[in-house]
Amino acid sequence: MQSKISSLHTHVAYTLTFDTNGGSKIDSVSKASGATIDLTGYVPARAGYDFNGWYSDAKLTDKITSVQLTKNMTVYAKWTEKGCENPFTDVADDAYYADAVIWAVGEGITSGTTATTFSPNTDCTRAQIVTFLWRCMGK
């Protein structure tokens with residue numbers, strides 16, 4: 001009886017689904033339980049955007065390059081608008097706030113403390129916050 005259970009367990013397959021967040025479709029992949037899938041070979045395309053990799057969560061906080069299938073899983077694509085390069089050496093591309101910083105600078109809502117630093121860990125004054133809101137409203 002034990003050998004039948006063991007042999008049944010080895011034939012379990014799981015599916016990896018790709019959520020491309022507006023990019024080109026990538027078909028799901030089914031593999032045996034425990035299989036490792038290298039994600040670097042799965043690169044979607046999206047007009048006007050650069051692909052920034054796969055993430056294990058929909059909030060795009062945990063960047064991954066491979067997955068081991070132990071259950072059905074979904075990976076999520078992250079995109080950066082072309083032409084919106086990150087000029088700041090102190091804002092890592094994979095920082096949770098990087099897209100917001102690049103967007104705010106691109107919209108003229110804020111700027112860095114120098115041409116190459118943003119100083120994300122510096123306190124923000126009440127006057128700066130009011131200025132950001134004023135600029136955000138198009139004033």
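Helices (H or I, at least four residues) and strands (E, at least two) are DSSP runs, numbered from the N terminus. This is a predicted model: local features need pLDDT of at least 70, side-chain atom pairs count only at pLDDT 80 or more, and totals for chains, interfaces and linings use all residues. Residues are numbered from 1 along each chain as its sequence is written, and side-chain values use heavy atoms, with hydrogens and water left out.

**Exercise 1. Fold pattern and overall dimensions**

Give the order of helices and strands along the protein chain, then set its radius of gyration against that of a compact globule.

Solution.
- Step 1. Count the elements: the protein chain has 3 helices and 7 strands.
- Step 2. Put them in sequence order. The pattern reads α-β-β-β-β-β-β-β-α-α.
- Step 3. Take the radius of gyration over C-alpha atoms; the globule rule is 2.2 Å times the number of residues to the power 0.38. For 139 residues, a compact globule would come near 14 Å, but the protein chain has 21 Å.
- Step 4. Check the box. Along the principal axes, the C-alpha atoms fill roughly 75 × 30 × 25 Å.

**Exercise 2. Surface, burial and charge**

Find what share of the residues is buried, and how far apart the mean positions of the positive and negative charges are.

Solution.
- Step 1. Set the classes: buried means under 20% relative accessible area, exposed over 50%, partly exposed in between (1.4 Å probe, protein chains only). Buried residues make up 24% of the 139 residues.
- Step 2. Add the area, from the Shrake-Rupley method with a 1.4 Å probe; for residues, only the protein chains shown count as cover. The accessible surface is about 9,400 Å², and 54% of this belongs to carbon and sulfur atoms.
- Step 3. Place the charges. Lys and Arg count as positive, Asp and Glu as negative; His and the chain ends are not counted. The place of a charge is NZ of Lys, CZ of Arg, CG of Asp or CD of Glu.
- Step 4. Read the result: the mean positions of the 12 positive and 14 negative charges are 7 Å apart.

**Exercise 3. Cysteines**

How many disulfides does the model hold?

Solution.
- Step 1. Apply the rule: a disulfide is a pair of cysteine sulfur atoms within 2.5 Å. The count is 0 disulfides.
- Step 2. Check Cys-124. Its nearest cysteine sulfur, that of Cys-136, is 13 Å away.
- Step 3. Classify both residues. Cys-124 is partly exposed at 40% relative accessible area. Cys-136 is also partly exposed, at 46%.

**Exercise 4. Two loop residues**

Are Val-91 and Thr-20 buried or exposed, and which residues do they touch?

Solution.
- Step 1. Locate Val-91: the loop between strand 7 (73-81) and helix 2 (98-106). Val-91 is buried, with a relative accessible area of 2%.
- Step 2. List partners, where contact means heavy atoms within 4.5 Å. Beyond neighbours within four places in sequence, Val-91 contacts Asn-86, Tyr-97, Ala-98, Val-101, Phe-118 and Pro-120.
- Step 3. Take one pair. Val-91 and Pro-120 are 29 residues apart along the chain, and their C-alpha atoms are separated by 7.2 Å.
- Step 4. Turn to Thr-20, in the loop between strand 1 (13-19) and strand 2 (29-32). Thr-20 is buried at 9%. Its contacts, not counting residues up to four places away, are Ile-26, Pro-44, Trp-54, Ala-77 and Trp-79.
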